[in-house]
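Please find below a short note for a reader who is new to protein structures. The points are numbered and may be taken in order.

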Amino acid sequence: MTEKAEQQRDPSSNSNALASRSESVKAADNVVDWDGSNDPEMPMNWPTRKKAPIVIVVTLSRFLTTFASSMMSPALTLTLSIYMVGYAIGPLLFAPLSEVYGRSRIYHTGHIWYTIVSVGCALSPNTGALLVFRLLAGFTGGVPVANAGGTIADMIPRNRHGLLAPITNSGPGSGRLLAETKGWRWIFWLMTILSGVTTIVSFILLQETYSPVLLQRKAAQLRRETGNQLLHARGNANVPTKQKVLQALRWPAVLLCTHPLLMLGSVYMGFVYGVTYLLFTSIPLVFRDLYGWSEGRLGLAPLGVGIGSLLALLVTGRYSDRMYVRQQQKLGHETGLPECRLFFLFPATIALPFGLILYGWTAQFQTHWILPIIGSAIFGGGMIFAFNSVHTYLVDVFSKYAASALAAVSFIRCISGGALPLCGPRLYERLGYGWESDLSQGHKIPVGMEKSHLVVMNVIMEEFKDTPYAFSSLSVVGGGLMNFTYRGYLMSLCDDPPSVIVKHAEAYWPGSVGISVPTDRCFVEQTMLHAVGDTLPAVMHDFICVRTPQLYHFSPKSHTIILENMGDNKSLDDILNNATTSKSISSKTATSIGRALGIWAASFHNWTRKEMKKDVALSIRKHQISHEFLDKFTIGKFLANTIDPLVRRYILEEQGRVRESLDVVHGDLSTRNIVPQNLSPQNPGHPVTLAIVDWETCRYGSHAEDIALMMFSLYKQHYLDSDNGGRAMKMINGFIRGYGRLDQELAFKIAIRVVICLFAWTLYRPEVTKDDMEEITGISQQLIIKGSEKDQAWLEKSLVGCLFGHL
């Protein structure tokens, strides 16, 4: 039987209930209040089993929206900044409204809309739409930022704020691994799923905690039960809702402008937050550009900040409340001093600059990678010390209006967090990582360095943002020497966005400002990719297909080429150098790969002589990299270490003949510039594609150069690296057979070039001893003499003997 039916049957019980409820009503002014400080209906007096689910939901909500702020790749800093603008504005609206309509309504509204706009982000057809939805996501994501501190203040005693404040504060996250493996849209599908789960859980577990709203509900119920329409909640004397809303909306601005400590805390938090996001945008670039980490390892780089933050959370959670209670007992106050919460600002003021300077300068000088990780961990600990100190202090000071106070802080903090990453590229470009870290701590700095990947990526994304090649993110592709090379994810309507390769040329080698090289090389590459792609058919041998990647777009303004993405972009050289991946190549496959590459090389050389158009030849002649520049790294190295006058004469003669040649060559036809697709031990005999990439060194020369470079890249694998199973030698033999008959003159030229390349390459090997170098020099000089004197019988017994079995 229901309570209402029971009361109708027994009028006396109804009267007693009304009498009991009326104890909280002051007859003089009809004010409804709590039944004393121990009223079990007060949120502060709720049992732990009732509070815990609410704290869990609030923590999950806060973590979700903060984590989403930097989930996009650091290359696309604008998506982060626009999110932070919404994140700054949202609390200014939602915090005051929560003090009028209650926390739970605002939470539910925010969760629903955040889920909807996350779907919008995932389905964005272009950059503009994505930025609009990111702004709305930040705006609706401001709900937990505005309300989390207020919810804690509603139901948790002050002497427990230090324990719970840390778990409702979380830092930025990274979605690069998900973006790299599934595409950027899956970042937002993940956020949609998490937000949907949070929404459902909040409807089940979340309850209203704001005392004034609960008193209003209590007063409304008493008015219905007693018929006394004059009853009203304490502090709510029949004020119209519109007036309450307008008055509440003013509170964040009023508090910020009239409380100097709130203003000071907001500026400090804004600075720390901005530097934190600046650090997060730099971490992938530092460990990728300076330390050469692979994409898989890069996902672990932010762990330093995470570990430092976690340790700081444990420290503040354990000791903040203890210090507060001890001070309260010492002073004999009913409540402790809010200033006790600021103790951890002292270690924060040391940890923040020290950690950032350690991170920046150890990275700048490329010390062991663990040192910048330690620096970022120290910074992460200082960040949490600062955040939690200011956060708990403000919650204690403003208590009832904690949500509005925190909204004011959030506005300044998020604007700074959104603005500083936009300034980051210029700082990195001008100052490098070390001086930039000093600047973040207030030091004066002088001048600059070469362009970093961050700067180049932002230039590329800005140039193509309003084109069909607008990028959602870019990531560095390793292996390229002359260019900045990236894998780019395109903004597109399809669910699984296509990725492309983006090559950008500067007037120097990336990472080597001292080596100047003309940007004209990109004109050569786009000319050859266009010409070869149109008129040179792909070569098919057994199950191996050899072709060039498709050229999508060329921007002469920025010297940027956009090409077809050929798989994971591991080169054949990478696969052969790895003991595990090299096993994916069987003896039969190795021979087939060599044959297919030889057939393609012969087809290409024949095409350059008979079918290449005159305008292509003229473009190569105009823009090609000079032989003088390229020879510095091979023949130049050999001559610098050769004292035999006969050898020097032979080399210079051969060099002159090559420079006078009228043939066109790829110029860098080696295993480093062959990218396989579908080369897997799980699929033996499955069609494999080999892409011939990096055409920027295409020039006039001798066809012997291409053949020699291919043989050299495989010989060094066989003789100087591990060649388990003799795969490299099988490829060499297959390549020579696939190329077809060689005339004797060409074979001698190839032999000389192979030896020169092998010798020059050993000079870059730190493990080669002085004695080894003398032995290699002697053998190389003898081979060059025999090759120049055309001693075929002697050469047939040497390492280049396979050349003379196909004359």
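**Note on the predicted model**

1. Of the 807 residues in the protein chain, 56% are buried. The model under review is a predicted one, and the values in this note should be read with that in mind.

2. The secondary structure of the protein chain consists of 30 helices and 16 strands. Among the contacts in the chain with a separation of 6 or more, 76% join residues that stand 24 or more positions apart.

3. How do helix α5 and helix α9 pack? Helix α5 covers residues 103-122 and helix α9 covers residues 185-205; their axes are 8 Å apart, at an angle of about 160 degrees. Angles over 145 degrees count as roughly antiparallel, and α5 and α9 are therefore roughly antiparallel to each other. The crossing in which α5 passes α9 is left-handed.

4. The contact between these two helices draws on residues from both sides. On α5, the participants include His108, His111, Ile112, Tyr114 and Cys121. On α9, they include Phe188, Trp189, Met191, Ser195 and Ser202. Sorted by class, the contact of α5 with α9 has nine nonpolar, 10 polar and one charged residues.

5. Ser202 offers a closer view of this packing. The residue lies in helix α9. Is Ser202 buried or exposed? Its relative accessibility is 0%, and the cut-off for a buried residue is under 20%, so Ser202 counts as buried. Leaving aside residues up to four places away in sequence, Ser202 touches Val57, His108 and His111. His108 and His111 are among the residues that α5 brings to its contact with α9.

6. Helix α5 also packs against helix α6, which spans residues 127-155. The two axes come within 9 Å and cross at roughly 155 degrees; α5 and α6 are therefore roughly antiparallel to each other. This crossing, too, is left-handed. The residues of the contact of α5 with α6 divide into 13 nonpolar, seven polar and three charged.

7. The cysteines deserve a separate remark. How many disulfides does a search of the whole structure find? The search finds zero. Cys121, one of the α5 residues in the contact with α9, has a relative accessibility of 1% and therefore counts as buried. Cys257, by contrast, has a relative accessible area of 60%; exposed means over 50%, so Cys257 is exposed.

Key: Residues are numbered from 1 along each chain as its sequence is written. This is a predicted model: local features need pLDDT of at least 70, side-chain atom pairs count only at pLDDT 80 or more; totals for chains, interfaces and linings use all residues. Side-chain values use heavy atoms; hydrogens and water are left out. Axes are lines fitted to C-alpha atoms, for helices over the stretch in contact, and angles run from 0 to 180 degrees between N-to-C directions. Helices (H or I, at least four residues) and strands (E, at least two) are DSSP runs, numbered from the N terminus. Angles under 35 degrees count as roughly parallel, over 145 as roughly antiparallel, 65 to 115 as roughly perpendicular and the rest as oblique. A crossing is left-handed if the near helix is turned anticlockwise from the far one by less than a right angle, and right-handed if clockwise. Contact means heavy atoms within 4.5 Å. Ala, Val, Leu, Ile, Met, Phe, Trp, Tyr, Cys and Pro count as nonpolar, Asp, Glu, Lys and Arg as charged, and the others, Gly among them, as polar. A disulfide is a pair of cysteine sulfur atoms within 2.5 Å. Buried means under 20% relative accessible area, exposed over 50%, partly exposed in between (1.4 Å probe, protein chains only).
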